[in-house]
Amino acid sequence: MSDIFAGTRDIVDAEEFRRVAGCFATGVTIVTTTGSDGEPIGLTANSFSSVSLDPPLILFSIARKLNSQPAFQKAEHFSINVLHEGQLSLAKQFAVALGEKWKNVHFEDGSFGCRLISEAAASLECEKYASYDGGDHVIYVGRVLKIKADWQRTPLIFWQGKFGKVALENA
Ligand SMILES: Cc1cc2nc3c(=O)[nH]c(=O)nc-3n(C[C@H](O)[C@H](O)[C@H](O)COP(=O)(O)O)c2cc1C
């Protein structure tokens, strides 16, 4: 057995893998969509990544077990809202399963039926382009239809299970 190819057996310890993956610092987003009954859906997600410039594609992944997952499976559109460092409480609020996620949240109605978090560092409105098996997650790829950003905002960061702020070089 090669040192670098894990093969088909789960020889990587799940908890250690989670901790190692957490060494990669990310931004924090709230991904929103609308359920078939019109219910607003949202969850905190740091699995967001840009994929392609032409066409403009992004991705994120959602755990299959989440309450929000069926709504994303059916949805044709969703929005990604990149949080700024002052939106930590929102990141926590949208990470509580079945919580009162939208309580006291300022939002705007997007052009494609999904709520946009007000004052986010950036919002990307997307149509679903593809979805893929991602093990215990589903990977969603979205084609970006509309974008806006507030360039003055500095992002909220997630690293090793903790929230933080950016320390810019030469800032
Ligand atoms: C910083 C952070 C990032 C997260 N990123 C993801 C993610 O990318 N995908 C995911 O499925 N869950 C992610 N979660 C967990 C969900 O936000 C959490 O399970 C939420 O309660 C789901 O709500 P629901 O069960 O009502 O759908 C993240 C949580 C935190 C705190």
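Modeller: Happy to walk you through this one, starting with a definition: Ala, Val, Leu, Ile, Met, Phe, Trp, Tyr, Cys and Pro count as nonpolar, Asp, Glu, Lys and Arg as charged, and the others, Gly among them, as polar. This is a predicted model, where local features need pLDDT of at least 70, side-chain atom pairs count only at pLDDT 80 or more, and totals for chains, interfaces and linings use all residues. Residues are numbered from 1 along each chain as its sequence is written, and side-chain values use heavy atoms, with hydrogens and water left out.

Biologist: Thanks! How do the residues of the shell around the ligand divide into nonpolar, polar and charged?

Modeller: The ligand is surrounded by 19 residues (one heavy atom within 4 Å of it). Their division is 11 nonpolar, 7 polar and 1 charged.

Biologist: Which side chain has an N or O atom 2.7 Å from an oxygen atom of the ligand?

Modeller: Let's go through the polar contacts (N or O pairs within 3.5 Å). Leu-98 uses a backbone N or O atom, 3.2 Å from a ligand oxygen. The side chain of Asn-67 comes to 2.9 Å. The 2.7 Å pair belongs to the side chain of Lys-101.

Biologist: Which element gives the most to the shell around the ligand?

Modeller: Two elements, as DSSP runs (strands: E, at least two residues), give two or more residues: β3 (40–45) and β5 (57–63). With 3 residues, the top contributor is β5.

Biologist: And is Ser-68 buried or exposed?

Modeller: Ser-68 lies in the loop between β5 and α2 (69–74). Its relative accessible area is 7%, and buried means under 20% (1.4 Å probe, protein chains only). Ser-68 is therefore buried.

Definitions and conventions:
Polar contact = N/O pair within 3.5 Å; in protein donor to acceptor, adjacent residues only side chain to side chain. Helix = DSSP H or I, 4+ residues; strand = E, 2+ residues; numbered from the N terminus. Buried < 20%, exposed > 50% of the residue type's maximum accessible area, 1.4 Å probe, protein only.
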